[in-house]
Amino acid sequence: MITIDQFNFKGEKVLIRVDFNVPLDVDFNITDDSRITATLPTLNKILGDGGSVILMSHLGRPKTGPEDKYSLRHILSHLSELLGKNIKFATDCIGADAVELAAGLVGGDVLLLENLRFYKEEEKGDRDFAQKLASMGTFYVNDAFGTAHRAHASTAIIADFFPGKKAFGYVMAREVENANKVMKAPQRPLTAIVGGAKVSDKILIVENLLEVADHIIIGGGMAYTFFKAQGGEIGNSLCEDERLQTCREILEKAKAKGVAIHLPSDSVIADKFAADANTQNCNSNAIPSGWMGLDVGVSACDDFKNVLLNSKTILWNGPMGVFEMDAFSKGTKTVAEAVAESTQNGAFSLIGGGDSAAAVHKFGFDDKVSYVSTGGGALLEYFEGKTLPGIAAIVEG
Ligand code: AMP
């Protein structure tokens with residue numbers, strides 16, 4: 001892997017694609033700065049070497065050009081505070097102003113460019129736009145894993161202009177290294193836990209995991225389509241009828257490949273989708289009409305725990321139930337505890353963003369798992385077996 005550790009940046013003007021897409025409140029205060037703080041080691045390494053830095057990011061989803069609420073100006077003072085220095089700001093990411101400010105940078109200087117997505121050319125992966133950005137720097141670093149699955153101008157196309165002078169920043173390198181601990185030569189047994197609401201969102205990942213995993217635990221709303229596919233009664237539980245055949249195919253393929261699929265044998269069922277619903281525990285393939293499965297049941301928790309405590313590598317994506325409501329959070333909490341315990345016993349555990357990361361956080365296990373990815377969509381696509389343009393652009397020369 002080509003990382004910034006393999007270079008000295010003295011005298012270089014380094015264009016860094018970062019993910020500063022942070023949440024802002026109505027007064028434009030940053031409510032969670034973790035995406036900014038995550039990149040500080042990368043910035044400090046380059047600045048410490050005596051390089052200067054040109055930061056490129058998007059913020060939000062501007063539709064029709066510049067909009068004040070999506071201006072990166074709002075993060076300027078906080079970034080300046082975190083880095084302990086004044087930061088220059090270019091109000092147009094490719095304008096004459098930006099070119100002039102970039103030209104005047106000396107070692108240790110930082111220039112932040114305005115929101116790249118004020119130009120539609122960014123998301124279109126426009127080559128001329130990428131070239132204009134590229135012309136301001138002498139080296140390209142990608143440290144934005146969250147957009148690595150997009151072939152945008154600043155995430156992939158720009159890399160063409162820096163043969164031999166491009167590398168991953170630390171955020172990106174860490175994400176790829178950890179994902180590879182699961183996908184490439186994992187310690188076995190490898191168990192993947194897949195949950196969440198919809199089969200359709202997770203089909204590609206499950207299919208790809210059939211190639212590498214020893215065990216796949218399937219929980220959450222998506223499990224009920226699997227039960228119905230096998231002739232079970234699932235009451236009013238979530239179900240995607242158009243995916244029944246896919247579920248059957250997955251089960252057959254798993255059998256042929258010797259991958260053990262673990263579905264929740266029982267469920268916590270409710271008479272309505274509400275925190276104060278009446279609940280009971282019942283077999284997942286015999287749910288009475290009018291009731292719905294909102295969490296995995298007591299026996300399922302024991303089964304899943306047993307598999308996890310015997311695993312050496314664990315990937316977790318998606319909750320086991322409606323964990324946002326206490327009455328249906330036990331399955332997800334049990335899995336979080338088992339992942340933490342297994343990690344303590346020496347397993348490597350990767351939590352795949354989104355709701356699973358939120359669940360691990362809610363139950364206080366952030367520090368008890370090996371790695372919580374910030375990747376979201378990018379990580380999912382990686383586990384689906386896709387080549388991420390942001391990675392390919394650096395790796396492929
Ligand atoms: P996803 O975004 O596909 O990972 O789905 C996460 C959402 O699935 C969470 O908000 C959960 O509340 C929801 N969920 C999990 N299990 C169930 C279930 N059995 N029925 C309905 N929703 C569920």
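How far is a polar backbone atom of Ala-197 from an oxygen atom of the ligand? In this predicted model, the separation between the ligand oxygen and the polar backbone atom of Ala-197 is 3.0 Å. The backbone also takes part at Gly-221, where an N or O atom of the main chain lies 3.1 Å from a nitrogen atom of the ligand. At Asp-355 the approach is made by the side chain, one polar atom of which is 3.4 Å from a ligand oxygen. With the protein in place, 80% of the ligand's accessible area is covered, out of the 500 Å² that the ligand has on its own.

These three residues belong to a wider set around the ligand. In total, 15 residues surround the ligand. The closest are Ala-197, Gly-221 and Asp-355, together with Gly-293 and Glu-324.

The domain arrangement was examined next. The chain is assigned two domains, with domain 1 spanning residues 4-171 and domain 2 spanning residues 186-383. Five residues of domain 1 and six residues of domain 2 make up the contact between them. The C-alpha centres of the two domains are 37 Å apart.

The area buried between domain 1 and domain 2 amounts to about 460 Å². Carbon and sulfur atoms contribute 63% of this area. On the side of domain 1 that touches domain 2, two residues are nonpolar, two are polar and one is charged. No salt bridge is counted between domain 1 and domain 2. Likewise, zero residue pairs are found in polar contact across the interface of domain 1 and domain 2, with both residues required to have pLDDT 80 or more. The interface between the two domains is thus described by a buried area of about 460 Å², with zero salt bridges and zero residue pairs in polar contact at pLDDT 80 or more.

Methods: Residues are numbered from 1 along each chain as its sequence is written. This is a predicted model: local features need pLDDT of at least 70, side-chain atom pairs count only at pLDDT 80 or more; totals for chains, interfaces and linings use all residues. Side-chain values use heavy atoms; hydrogens and water are left out. Domain bounds come from an automatic or database domain assignment. Contact means heavy atoms within 4.5 Å. Buried area is the accessible area (1.4 Å probe) that two parts lose on being put together, summed over both. A salt bridge is a side-chain nitrogen of Lys or Arg within 4 Å of a carboxyl oxygen of Asp or Glu. A polar contact is a pair of N or O atoms within 3.5 Å; within protein, one must be able to donate a hydrogen and the other to accept it, and residues adjacent in sequence count only if both atoms are side-chain atoms. Ala, Val, Leu, Ile, Met, Phe, Trp, Tyr, Cys and Pro count as nonpolar, Asp, Glu, Lys and Arg as charged, and the others, Gly among them, as polar. A residue is near a molecule or strand if one of its heavy atoms lies within 4 Å of it. Accessible areas come from the Shrake-Rupley method with a 1.4 Å probe; for residues, only the protein chains shown count as cover.
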